[in-house]
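Let us walk through this structure step by step, moving from the overall fold to individual residues. Please keep the sequence and the model in view while reading.

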Amino acid sequence: MNVTALLLGVLTVTSYRPVPWQTRPACVDRYDCTTANGENVSQLGLAVSRDLLKSGEVKYGDILCVDGYPCRIVFDSMGPKASRAVDLFVYDKASERAIGV
């Protein structure tokens with residue numbers, strides 16, 4: 001197994017929950033909440049901005065470590081307006097507020 005560590009620099013860190021307006025219209029309490037690569041949403045995952053995917057700096061399945069949080073797997077992509085950003089998946093509003101921006 002080959003492991004490569006890459007420093008991405010400063011990124012904006014936000015969070016999202018399994019609710020229709022933050023994921024997909026069919027998403028209800030984590031059910032029918034699939035990610036951009038077909039995985040079910042999970043606290044093991046995160047979304048990255050599309051520019052990071054397009055540049056090749058990050059790809060689906062990569063493991064990213066954000067200071068202060070456990071390492072997570074890239075399962076999803078963010079909306080088109082996000083740039084140099086990661087979106088941590090959380091289950092509740094309190095966790096979302098704790099992360100902030």
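**From the chain to its details**

Of the 101 residues that make up the protein chain, 37% count as buried. The model is a predicted one, and every value in what follows was computed from it. The secondary structure of the protein chain comes to 2 helices and 5 strands, and anyone who reads along the sequence meets them in the pattern β-β-α-β-β-β-α.

How are the strands arranged? They form an open sheet of 5 strands, with mixed pairing and the order 1-5-2-4-3. At the edges of this sheet lie strand 1, which covers residues 12-16, and strand 3, which covers residues 63-64, and each of these pairs on one side only.

We can begin at the edge formed by strand 1. This strand runs parallel to strand 5, and 5 bridges join the two; within this pairing, Ser-15 stands opposite Leu-88 of strand 5. Although strand 1 is an edge strand, it is mostly covered, since 4 of its 5 residues are buried.

Strand 1 and strand 5 are also connected through their side chains. The count of aromatic pairs in the model comes to 2. In one of them, Tyr-16 and Phe-89 meet edge-to-face, with 5.4 Å from centre to centre and 75° between the planes. Because Tyr-16 lies in strand 1 and Phe-89 in strand 5 (residues 85-89), this pair ties together parts that are 73 residues apart in sequence. Are these two residues buried or exposed? Tyr-16 has a relative accessibility of 4% and so counts as buried, and Phe-89, at 0% relative accessibility, counts as buried as well. Phe-89 also forms an aromatic pair with Tyr-91, again edge-to-face, with 5.0 Å centre to centre and 90° between the planes. Tyr-91, with 36% relative accessibility, counts as partly exposed. Taken together, the ring pairs link Tyr-16, Phe-89 and Tyr-91 into a cluster.

In the order of the sheet, strand 5 stands between strand 1 and strand 2. Strand 2 consists of residues 45-48, and Ala-47 has its place there. With a relative accessible area of 1%, Ala-47 falls under the 20% limit and is therefore buried. The C-alpha atoms of Ala-47 and Val-86 are separated by 5.6 Å, while the two residues are 39 residues apart along the chain.

Between strand 4 and strand 5 the chain passes through a loop, and Arg-84 lies in it. What is notable about the phi of Arg-84? The angle is near 45°, which is a positive value in a residue other than glycine. As a general background to this, most residues other than glycine have a negative phi. The relative accessible area of Arg-84 is 28%, so this residue is partly exposed.

The other edge of the sheet is formed by strand 3. It pairs with strand 4, residues 72-77, in the antiparallel sense over 2 bridges, and Leu-64 stands opposite Arg-72 of strand 4. Which cysteines are joined by a disulfide? The structure holds 1 disulfide, and it joins Cys-65 to Cys-71 with a distance of 1.9 Å from S to S. The link of Cys-65 and Cys-71 is right-handed, with 100° about the S-S bond. The two ends of this link fall into separate classes of accessibility: Cys-65 has a relative accessible area of 56%, which is over 50% and so makes the residue exposed, whereas Cys-71, with 43%, is partly exposed.

Cys-65 leads on to the last feature, the largest pocket. Rolling a probe the size of a water molecule over the atoms shows where empty space is left. The largest pocket has a volume of about 650 Å³. It is lined by 20 residues, and those that lie nearest its centre are Leu-6, Leu-8, Ile-63, Leu-64 and Cys-65. Leu-64, already met opposite Arg-72, and Cys-65, already met in the disulfide, thus appear again in this lining. By class, the lining of the largest pocket has 14 nonpolar, 3 polar and 3 charged residues.

How values were computed: Residues numbered from 1 in each chain as written. Predicted model: local features only at pLDDT ≥ 70, side-chain atom pairs only at ≥ 80, totals over all residues. Heavy atoms only, no water. Pairing = 2+ DSSP bridges. 1 Å grid on protein atoms, 1.4 Å probe; cavity = no way out; pocket = protein on both sides within 12 Å on 5 of 7 lines; lining within 4 Å. Points joined across faces, edges and corners; volume = space filled by probe spheres on them. Nonpolar A, V, L, I, M, F, W, Y, C, P; charged D, E, K, R; others polar. Disulfide = S-S within 2.5 Å. Buried < 20%, exposed > 50% of the residue type's maximum accessible area, 1.4 Å probe, protein only. Phe/Tyr/Trp six-rings, centres within 6.5 Å; stacked < 30°, edge-to-face > 60°.
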